[in-house]
Amino acid sequence: MDPLTLLREYTIRNDLDKIVRVNDEYRFGTDYSFPAAIDTAYRSKHGTRYTLETLIHFITNHHLKHIDYIQNARSLRIPAVTLPDRKPLLDYLTGKIQSSDSILPLDFPNIPHVAPVNVDRNLEREGEEFATQDSLVDEKSSIELIRAREKPIKDREDMLVFKTRDFYSVLTSAMKRDEERQRMEALQRKDNIVAKNRIESRGMGLGEEATKMRKIGEGVPIILVPSAFSTLITIYNVKDFLEDGVYIPTDVKLKQAKGGKPDCVTVQKKFSRDRVVTAYEVRDKPSALKSEDWDRVVAVFVLGKEWQFKDWPFKDHVEIFNKILGFYMRFEDDSVESAKTVKQWNVKIISISKNKRHQDRAAALEVWDKLEEFMRSRSR
């Protein structure tokens with residue numbers, strides 16, 4: 001039993017009168033005996049440990065003014081508790097606080113021998129009583145006897161108090177791991193959306209809207225972009241523009257790209273309060289489309305060149321842009337001649353700035369507004 005813990009228990013129970021000094025040792029009732037000069041686990045702010053003699057003298061005289069307490073301790077030649085240590089030590093011994101940074105547990109092998117008082121005699125008497133009961137003393141009874149005499153030094157709350165351990169950092173690390181796991185799951189769900197077009201409509205039921213959408217063609221709607229790098233929107237930067245509302249030149253995206261060119265990417269309107277959420281496949285190889293895939297093509301970003309529509313399954317521009325929504329991306333300060341051809345087509349011209357990237361979001365929203373309006377008209 002730790003003498004500091006035992007003294008605290010006696011103080012809380014108001015049993016200090018049961019602590020008796022006999023010669024150079026203190027006896028706690030009839031249970032324990034400790035040398036008066038034994039060091040305790042309580043360390044002063046100066047770094048030295050208080051002895052049991054000092055702590056018992058302090059707790060029995062703490063009602064005295066500090067100057068009177070010091071004089072009394074000197075007259076008895078007992079080291080005194082310093083003024084800065086008075087209140088925290090008193091709070092700990094009286095149970096106002098559960099632990100203190102000043103408590104530094106001792107290494108038990110270095111603690112002088114502590115001998116219980118009358119324990120051997122009591123055990124001997126109880127052993128004689130058990131021996132008369134036809135050898136009923138077995139291992140279980142012995143363990144129960146030992147447990148009955150055990151006294152806990154710390155409870156589970158005390159065990160969680162460590163001066164050199166920070167449980168808050170463990171909590172924050174666990175929270176960061178959980179956030180990372182949720183982020184990865186969200187990315188996975190986003191990638192899997194290619195396989196399913198999720199629609200939530202404010203004005204009609206899910207089944208009705210899905211049925212109408214299937215009139216366009218089974219599967220996810222397709223947006224075509226040019227494969228030529230001379231256009232502003234390509235398969236490399238379309239996701240940044242439509243999802244994040246930021247235009248990044250294709251040559252910059254190529255330098256950042258890891259791996260080969262993707263066959264298709266999935267885009268979804270992220271910066272909208274609208275509950276209608278639709279995923280789109282973006283492709284740049286019309287020649288790879290099957291006949292049934294063309295039923296899913298809903299929009300195209302045009303180059304402004306006739307050869308872009310070579311081998312398309314339509315007879316002319318009128319049929320193309322009656323069935324498919326057309327967009328033409330240009331810089332706002334480009335010459336009018338650059339858009340001369342597309343002005344003859346039924347396409348929407350979207351202008352962006354070469355340098356003012358904060359304006360990209362408005363251009364992306366314009367694309368989404370036209371696309372969603374076109375999708376609603378096709379589903380009627």
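**Exercise 1. In what order do the six strands of the open sheet lie, and what is the pairing?**

Ground rules come first. This is a predicted model, where local features need pLDDT of at least 70, side-chain atom pairs count only at pLDDT 80 or more, and totals for chains, interfaces and linings use all residues. Residues are numbered from 1 along each chain as its sequence is written, and side-chain values use heavy atoms, with hydrogens and water left out.

Solution.
- Strands (E, at least two residues) and helices (H or I, at least four) are DSSP runs, numbered from the N terminus.
- Two strands pair if DSSP finds at least two bridges between them.
- The order is β8-β9-β7-β10-β11-β12, and the pairing is mixed.
- β8 (264-268) and β12 (347-352) are the edges, each pairing on one side only.
- From one strand to the next, the twist averages 25°.

**Exercise 2. Describe the neighbours and burial of β9.**

Solution.
- β9 spans residues 279-283 and runs antiparallel to β8, joined by five bridges.
- In that pair, V265 stands opposite V282.
- β7 pairs with β9 in the parallel sense over three bridges. Here I222 stands opposite E281.
- Now the side chains. In a regular strand they alternate between the two faces of the sheet.
- In β9, A279, E281 and R283 point one way, and Y280 and V282 the other.
- Buried means under 20% relative accessible area, exposed over 50%, partly exposed in between (1.4 Å probe, protein chains only).
- Five of the five residues of β9 are buried, so β9 is largely enclosed by the rest of the structure.

**Exercise 3. Classify the packing of α1 against α2.**

Solution.
- Axes are lines fitted to C-alpha atoms, for helices over the stretch in contact; angles run from 0 to 180 degrees between N-to-C directions.
- α1 (residues 3-12) and α2 (residues 52-60) pack at about 15°, with axes 11 Å apart.
- That makes the two helices roughly parallel, a label for angles under 35 degrees.
- Contact means heavy atoms within 4.5 Å. P3, L4, L7 and T11 in α1 meet L52, L55, I56 and I59 in α2.
- By class, the contact has seven nonpolar, one polar and no charged residues. Nonpolar covers Ala, Val, Leu, Ile, Met, Phe, Trp, Tyr, Cys and Pro; charged covers Asp, Glu, Lys and Arg; the others, Gly among them, are polar.

**Exercise 4. Is W294 buried or exposed?**

Solution.
- Locate W294: helix α12 (residues 291-294).
- Its relative accessible area is 12%, so W294 is buried.
- Not counting residues up to four places away in sequence, W294 touches L224, P286, L289, W312, P313 and F314.
- P313 is 19 residues from W294 in sequence and 8.2 Å away, C-alpha to C-alpha.

Technical notes: Parallel < 35°, antiparallel > 145°, perpendicular 65-115°, else oblique.
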